[in-house]
Amino acid sequence: MHEMGIVRNIVAIVSEHAAPQRVKRVRLEIGKLSAVMPAAIRFCFDLASAGTVLDGAELEIIEIPGRARCRSCGKELALAGLMLRCPCGSRELVKIAGEELNIKEYELEAA
Amino acid sequence: MCGTCGCSDDANAMITNLQTGEHAHLESEVRPSPAGVSGSHRHDGHDHSHDHAHDHDHGHDHGLDGSAAGRTGAHGATVELERAILQKNNELAERNRSWLRGREILALNLVSSPGSGKTTLLERTIRDLGGCVPFSVIEGDQQTANDAERIKSAGAPSVQINTGAGCHLEADMVMRGLRELKPAPGAVVMIENVGNLVCPALFDLGEAGKVVILSVTEGDDKPSKYPHMFSAAELMILNKIDLLPHVDFDVDKCIAHARETNPGISVVQVSARTGEGLADWYDWLATRRSQTSEAAFGI
């Protein structure tokens, strides 16, 4: 369950930045091709944030759909998985979106 | 838990240097533990006590440095962070990569399911090539130093990293392993990741490339089931081919599955037990080593 490690990173980065103030909300960006499950992130977040300035914070997750550019025909296409091919027949796809694992922003509790 | 003395808790990662017998607990920068000091000690029959508790008293003075405390009003302010979640791991991985590249060291991240024969393949490789190729091995497992012991017996220096509750190696663990091993310029560092086809794909260790090992006792559709790993690898080693007559594994289908997700993946078919096909793996290694020495000078 690598999500726990990822959530520990999130808590470490945000708490280092925000402390000693308390955090009310964190917004993440998770690509649909990133092999990270938002549900598992939510599950781990409460555990990992307990006792930190993120304790009780709301987690907002924006999922980014996969997109790729075809090396053969140059067109962009939606990529729902890693095993797809371009309508032109080529499998030489360059991923351009969907692998994001970012912390976009956080909101502090009102003082 | 430390397998030798039982100190510390299960979640802590630990490193054992097989050459010196020393082991130490790894305190990760990205996995803050409430009370953890990295304590190193040698086991030679003496008593030792573990007192890892200490007060954390980090001063937080964020007045002018652009972080949160300097810019908040009465309302809950929103702070734009725009930070990669794995940034720390990625930065440490880049440091490892530069360190290795400058020394013309080829580092490979070996990934597979548990039981694919990674350690057996490494033992055989070290025995066959160890005379002319200086190998160093970083072994990752949740528990025990069994694999590092096997590598040491095969003739290569090794460190064992026990990830405890963790299911993959991270860049800081490899950095620590390199510090212990001090591989010589031109060496080959084999990083045997924890047996797992999911998480190791996400964590860059600073390696030159990933090699995925799949044994024919597994399903031939595994590349389709675990596409992240197979799309991240540059070489697939099909192991245990001596067992092909006894299993329903379709080699062509397996390679087709792998190329479906990664058209550029190279494939070698070997039996680490009988030695069949190993020459192809050794050729691949030799080519990769010469590329590494060329890359060191940016050629």
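Begin by selecting strands β1 (residues 23–31) and β6 (101–108) of chain A: they pair in the antiparallel sense over 7 bridges. Within this pair, A:Val26 of β1(A) has A:Tyr106 as its bridge partner in β6(A). The model on display is predicted. For the complex, the predictor gives an ipTM of 0.85 and a pTM of 0.80.

**The sheet shared by the two chains**

Next, add strand β4 (residues 78–84) of chain B to the selection. β4(B) runs antiparallel to β6(A), and 5 bridges join the two. To locate the pairing, pick A:Glu107, which stands opposite B:Thr78 in β4(B).

Now add β2 (58–64) of chain A. The selection then shows an open sheet of 4 strands with mixed pairing, in the order β2(A)-β1(A)-β6(A)-β4(B). β2(A) and β4(B) stand at the edges with a single partner strand each, so one side of each is left without a neighbour in the sheet. From one strand to the next, the twist averages 15 degrees.

**The helix across the sheet**

Select α1 (3–18) of chain A. This helix lies across β1(A), β6(A) and β4(B), and it runs at about 40 degrees to β6(A).

**The contact between chains A and B**

Colour the two chains separately and display the residues in contact between them. On the side of chain A there are 31 such residues, and they meet 36 residues of chain B. The elements of chain A that give two or more residues to this side are α1(A) and β6(A). The largest share, 9 residues, comes from α1(A). By character, the residues of chain A that touch chain B divide into 17 nonpolar, 6 polar and 8 charged.

**A covered strand in chain B**

Move to chain B and select strand β8 (residues 188–192), where 5 of 5 residues are buried. Both faces of the strand are covered: B:Val188, B:Met190 and B:Glu192 are buried on one side, and B:Val189 and B:Ile191 are buried on the other.

Two further strands of chain B can be added here. Strand β5 (residues 106–112) pairs with β8(B) in the parallel sense over 5 bridges, and B:Asn109 has B:Ile191 as its bridge partner in β8(B). Strand β6 (residues 135–141) of chain B also runs parallel to β8(B), joined to it by 5 bridges. In that pairing, B:Phe135 has B:Val188 as its bridge partner in β8(B).

**The nonpolar cores**

Show the side chains of B:Met190, B:Ile191 and B:Val212. In the largest nonpolar core, which has 64 residues, these three touch the most other members. Centre the view on B:Val212: leaving aside neighbours within four places in sequence, this residue is in contact with B:Val111, B:Ser112, B:Met229, B:Phe230, B:Ala233 and B:Met236. A second, separate core has 27 residues, among them A:Ile41, A:Cys44, A:Val53 and A:Ala57.

**Confidence along chain B**

Finally, colour chain B by pLDDT. The mean for the chain is 84, and 80% of its residues reach 70 or more. Two stretches merit separate selection. Over residues 1–10 of chain B, pLDDT stays under 50, and the model has 18 contacts beyond four places in sequence for them. pLDDT also stays under 50 over residues 31–74 of chain B, for which the model has 50 such contacts. Where pLDDT is low, predicted coordinates should not be read in detail.

Notes:
Residues are numbered from 1 along each chain as its sequence is written. Chains are lettered from A and ligands numbered from 1 in the order in which they are written. Two residues are in contact if their C-beta atoms, placed from the backbone, lie within 7 Å. Ala, Val, Leu, Ile, Met, Phe, Trp, Tyr, Cys and Pro count as nonpolar, Asp, Glu, Lys and Arg as charged, and the others, Gly among them, as polar. Two strands pair if DSSP finds at least two bridges between them. pLDDT is the predictor's confidence in each residue, from 0 to 100. A residue is buried if 20 or more other C-beta atoms lie within 10 Å of its own, exposed if 12 or fewer, and partly exposed in between; C-beta atoms are placed from the backbone. Axes are lines fitted to C-alpha atoms, for helices over the stretch in contact, and angles run from 0 to 180 degrees between N-to-C directions. A nonpolar core is a set of buried Ala, Val, Leu, Ile, Met, Phe, Trp, Tyr and Cys residues joined through C-beta atoms within 7 Å.
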